[in-house]
Amino acid sequence: MRISTGVSGLDSLLDGGLPARRLYTLSGPPGSGKTTLASQYVTEGIRSGEDVLYVTMHETRNELVEDMANYEFGFDRAANSDRFEFLNLTMERARRSLTQYGRESGLSSRLASMIRQEDYDRVVVDSTMLLDHFAEDADTEVTHFATGLKQTDATVLLISEMTDPSAYAEEHYLAHGVVFLHNFLEEGGMTRGIQLVKMRGTNIDCDIRDVTFTGSGLQVDPGRKVRPQ
């Protein structure tokens, strides 16, 4: 079973969408479109009648809705749906809500337990940086964290910040699929691209495709390859 990403042009690179119930890592530098892509992904889930969880430490629900307000893909309606759950872990109330899930302490175990018990279909975790705040050793904890997410029945999008696409982290090795968003500053300005680095169960070529920001969100041109100078 494959599910749509909600991003125009991306599903065709994925043979129709992401294989469901797997863990995917979305990586890229600041401003490359990770949050926009994640917002399109969860909006598509709500549109398809799925239950969605969005976990973050970066911004509130209202801030995210405002950030996506210039786009026309309908994130504001999705965020107000009864099927959409927003968990901002900077809020004490949100952190307390996790304590009811499982007997084990720690963010990794409790979040995975919450996903399983509430039976979410799609999950976004933005981003692995939240482990810096909740784990004594973030590098070690990310293995436990990603493994726990893989053991749920949700299709999980785990966002990680990175500026060097050759510097693979533990979450890239553990994920079923890895997607990179690129920013290339060239003479003509900023060129953006998307690259499927790994995708189990899907034929991919790893070439970088052109990405543009449009009124409908991120749009991928499957036929246009980007070759950095």
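**Notes on charges and contacts in this model**

1. Let's start with Arg-209: its relative accessibility is 8%, so this residue counts as buried. Keep in mind as you look around that this is a predicted model. The side chain of Arg-209 pairs up with that of Asp-205 in a salt bridge, at 2.9 Å from N to O. Asp-205 has a relative accessible area of 41%, so this partner is partly exposed.

2. Next, have a look at Asp-207 and Lys-225, whose side chains form a salt bridge at 2.8 Å, N to O. Asp-207 sits in the loop between strand E9 (189–199) and strand E10 (208–214), while Lys-225 belongs to strand E11 (residues 217–225), so the bridge ties together parts that are 18 residues apart in sequence. How accessible are the two? Asp-207 comes out at 29% relative accessibility and counts as partly exposed; Lys-225 is partly exposed too, with a relative accessible area of 36%.

3. There is also a small group to pick out: Glu-92, Arg-95 and Arg-96 are joined into one network by salt bridges that share partners.

4. Now for a pair that links distant parts of the chain. Glu-50 and Arg-122 meet through their side chains in a salt bridge, 2.8 Å from N to O. Glu-50 is in the loop between helix H2 (34–47) and strand E4 (52–56), Arg-122 is in strand E6, and 72 residues separate them. Both Glu-50 and Arg-122 are buried. In total, the model has eight salt bridges.

5. Some charges gather on the surface instead. Glu-85, Glu-118, Asp-119, Asp-121 and Asp-153 make up a negative surface patch. Asp-121, one of these, is found in the loop between helix H6 (107–118) and strand E6 (122–126). Why can Asp-121 belong to a patch? Membership takes over 30% relative accessible area and no salt bridge, and Asp-121, which is partly exposed, has a relative accessible area of 31%.

6. Last, a residue to find in the interior: Thr-25, in strand E3 (residues 23–28). Is Thr-25 buried or exposed? With 0% relative accessibility, Thr-25 counts as buried. The side chain of Thr-25 reaches the backbone oxygen of Glu-171, at 3.2 Å.

Terms used
Residues numbered from 1 in each chain as written. Predicted model: local features only at pLDDT ≥ 70, side-chain atom pairs only at ≥ 80, totals over all residues. Heavy atoms only, no water. Patch = residues over 30% accessible without salt bridge, like charges linked within 9 Å, V, L, I, M, F, W, Y side chains within 5 Å. Areas by Shrake-Rupley, 256 points an atom, 1.4 Å probe, with all protein chains shown as cover. Salt bridge = Lys/Arg side-chain N within 4 Å of Asp/Glu carboxyl O. Lys, Arg positive; Asp, Glu negative; His and termini not counted. Charge placed at Lys NZ, Arg CZ, Asp CG, Glu CD. Helix = DSSP H or I, 4+ residues; strand = E, 2+ residues; numbered from the N terminus. Buried < 20%, exposed > 50% of the residue type's maximum accessible area, 1.4 Å probe, protein only. Polar contact = N/O pair within 3.5 Å; in protein donor to acceptor, adjacent residues only side chain to side chain.
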